[in-house]
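Subject: The structure we talked about

Hi,

Here is the structure I promised to send over. Have a look at it first, and then read on for what turned up when I went through it.

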Amino acid sequence: MLHHHFMYHGLGETDVKLHMDNCSGQNKNNTVIGYGMWRVMTGLHESVEFSMMEAGHTKFNPDWHFGLWKVKWRHSNVETLAEIAASVWKSSRNGHNVPQLVDDPVAPLFFYDWATFFKRIFKPIPSLKSYHHFRMDKDHPGIVFVREYATSQEVAVNILKPGAAVDPTVLPSVIPPSGLDSHRQWYLFNEVAPYCVNKESCPKPTMPKPLIKIDSPSLTRKCSKCKLTGHNKTTCRI
């Protein structure tokens, strides 16, 4: 998503300073840091700086805009991806919320395998989670300057692997959308389609119905009296 943003919504900036929450799964990880270094080493930016907020203090403007969409979503009737995108457009008066679609003909969204791509180029940063600020610039390729806090002294960490080179013309492989498996498609058709106004928004699956039957919660829940399944204490004969 970050690469998509710079590609289609960038303003030609040379220096980037991004503020993010402290989530290690999405932001504070070696893949994101490697992406910042990749942009600097390929000449896309002259400097990149990531600042992560402390745990417990991670609510800021992006969450506000998500909240605006949640308000709009609660009062919307949508059945298709296009209608979901329309609800995003309508959720902010000044057009701050912009939906990003995989099959957009003007700005298609691709998911690249950045994690695998960077493993052959960059080394992980030791004790990554203890730092909140990461800076890299074109004058120090491969060097990440880390700080625990804004007032802490910077520490230089070399993440470039020996002999590794960055080719600006090479991108990671694209991760194709996996789509819905047969179980999910038939579940949507059986459980959700009856409530759709437009029946074409949840069509009958073309693939065969799976033979494996998923037990309902009522059959898997244990009887509080005998601890067996298939009945409850009212109908228990033990």
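To get you started: which residue in S4 is the bridge partner of arginine 135? It is phenylalanine 145. Before you go further, please keep in mind that this is a predicted model.

**The strands**

Let me stay with S3 and S4 for a moment. These two strands run antiparallel and pair over three bridges. They form a hairpin with five residues between the strands, and in it glycine 142 has a positive phi near 90°. On its other pairing, S3 meets S2, again in the antiparallel sense, over five bridges. If you want a spot to click on there, serine 47 has aspartate 137 of S3 as its bridge partner.

S2 also pairs with strand S1 (residues 15-20), but here the two run parallel, with six bridges joining them. Look for methionine 20, which stands opposite methionine 52 in S2. Add helix H2, and S1, H2 and S2 make up a right-handed β-α-β unit.

How enclosed are these strands? Six of the six residues of S2 are buried, so S2 is largely enclosed by the rest of the structure. S3 is largely enclosed too, because four of its five residues are buried. In a regular strand, side chains alternate between the two faces of the sheet. For S2, both faces turn out to be covered: Ser47, Glu49 and Ser51 are buried on one side, and Val48, Phe50 and Met52 are buried on the other.

**The salt bridges**

You will probably want to look at the charged pairs, and there are four salt bridges in the structure. Let me start with lysine 138 and glutamate 46, whose closest N and O atoms are 3.8 Å apart. This pair links distant parts of the chain: lysine 138 sits in the loop between strand S3 (133-137) and strand S4 (143-147), glutamate 46 in the loop between helix H2 (30-41) and strand S2 (47-52), and they are 92 residues apart. Both ends are partly exposed, with lysine 138 at 48% relative accessibility and glutamate 46 at 35%.

Next, arginine 147 and glutamate 49 form a salt bridge at 3.3 Å, N to O. Arginine 147 is in strand S4 and glutamate 49 in strand S2, so this pair ties together parts that lie 98 residues apart in sequence. Are these two residues buried or exposed? Arginine 147 counts as buried because its relative accessibility is 16%, and glutamate 49 is buried as well, with a relative accessible area of 15%. The cut-off for buried is under 20%.

Then there is arginine 135, the residue from my opening question, which meets glutamate 154 in a salt bridge of 2.8 Å, N to O. Arginine 135 lies in S3 and glutamate 154 in the loop between S4 and strand S5 (155-158), so the pair joins parts that are 19 residues apart in sequence. Arginine 135 is partly exposed, with a relative accessible area of 25%, and glutamate 154 is partly exposed at 30% relative accessibility. Salt bridges with shared partners also draw Asp137 in, making one network of Arg135, Asp137 and Glu154.

**The nonpolar parts**

The largest nonpolar core holds 28 residues, and the ones that touch the most other members are Phe50, Ile125, Phe134, Met136 and Val144. At least two residues each come from S1, H2, S2, helix H5 (114-119), S3 and S4. Which element supplies the largest share of this core? That is H2, with six residues.

There is a nonpolar patch on the surface as well, made of Met1, Val102, Phe111 and Ile175, which together have about 370 Å² of accessible area. Of these, isoleucine 175 is found in the loop between S5 and helix H6 (182-192), and at 43% relative accessibility it counts as partly exposed.

If you only have a minute with the viewer, try S2: it pairs with S3 over five bridges, is joined to S1 by six, and carries glutamate 49, the salt-bridge partner of arginine 147.

Cheers

Technical notes. Residues are numbered from 1 along each chain as its sequence is written. This is a predicted model: local features need pLDDT of at least 70, side-chain atom pairs count only at pLDDT 80 or more; totals for chains, interfaces and linings use all residues. Side-chain values use heavy atoms; hydrogens and water are left out. A salt bridge is a side-chain nitrogen of Lys or Arg within 4 Å of a carboxyl oxygen of Asp or Glu. Buried means under 20% relative accessible area, exposed over 50%, partly exposed in between (1.4 Å probe, protein chains only). Two strands pair if DSSP finds at least two bridges between them. A crossover is right-handed if, with the strands pointing away from the viewer, the path from the first strand over the helix to the second runs clockwise. Patches are made of residues with over 30% relative accessible area and no salt bridge: like charges are joined within 9 Å, nonpolar side chains (Val, Leu, Ile, Met, Phe, Trp, Tyr) within 5 Å. Accessible areas come from the Shrake-Rupley method with a 1.4 Å probe; for residues, only the protein chains shown count as cover. A nonpolar core is a set of buried Ala, Val, Leu, Ile, Met, Phe, Trp, Tyr and Cys residues joined through side-chain atoms within 4.5 Å.
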